[in-house]
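Student: Take me through one part closely, please: the charged side-chain pairs. I'd like to know where they sit and how open they are.

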Amino acid sequence: MLVRERMISPGKWVAPSSPIMAAIEKFEKNHPEWLPVVDSEGRLLGLLTGSDIQNAKTAVSGMDAEEAGKLSAQDFMTTKYLSVGEKTPIEEAVRIMIDYDISDLPVVR
């Protein structure tokens, strides 16, 4: 069995230039484990994790709206992450998740 047969689409994502306040709102509304940051061609550039969102909230807490509006998703996203291709055997994906103690694994083309 291949990963593509078991994967689910997160459905929600943000562009790297998305205002961080909009990303925070989307994250809090949908409660995902992570939020993909995707370019206009659909390539995964990074992830906004719960820690990234918390860091962003801390950063904007002392700012006025204009300053906070200048910050984007790419300013806070995690760019080092594990991923697999959609043709990866499911057993390999599970092994990676166990070996690295992660609960989610992005699937990219």
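Tutor: R109 and E86 form a salt bridge, with their closest N and O atoms 3.2 Å apart (a side-chain nitrogen of Lys or Arg within 4 Å of a carboxyl oxygen of Asp or Glu). R109 sits in the segment after strand 4 (107–108) and E86 in the loop between strand 3 (84–85) and helix 4, so the pair ties together parts 23 residues apart in sequence. Helices (H or I, at least four residues) and strands (E, at least two) are DSSP runs, numbered from the N terminus.

This is a predicted model, where local features need pLDDT of at least 70 and side-chain atom pairs count only at 80 or more, while totals for chains, interfaces and linings use all residues (pLDDT is the predictor's confidence in each residue, from 0 to 100). Residues are numbered from 1 along each chain as its sequence is written, and side-chain values use heavy atoms, leaving out hydrogens and water.

The two partners contrast: R109 is exposed at 86% relative accessibility, whereas E86 is buried at 18%. Buried means under 20% relative accessible area, exposed over 50%, partly exposed in between (1.4 Å probe, protein chains only).

Over in helix 4, D99 bridges to R95 at 2.4 Å between the closest N and O atoms. The two are four residues apart, about one helical turn, and both D99, at 48%, and R95, at 38%, are partly exposed. Elsewhere, D39, E41 and R43 are joined into one network by salt bridges that share partners. Within it, E41 meets R43 at 3.0 Å, N to O; E41 is exposed at 61% and R43 partly exposed at 47%. The full count is six salt bridges.
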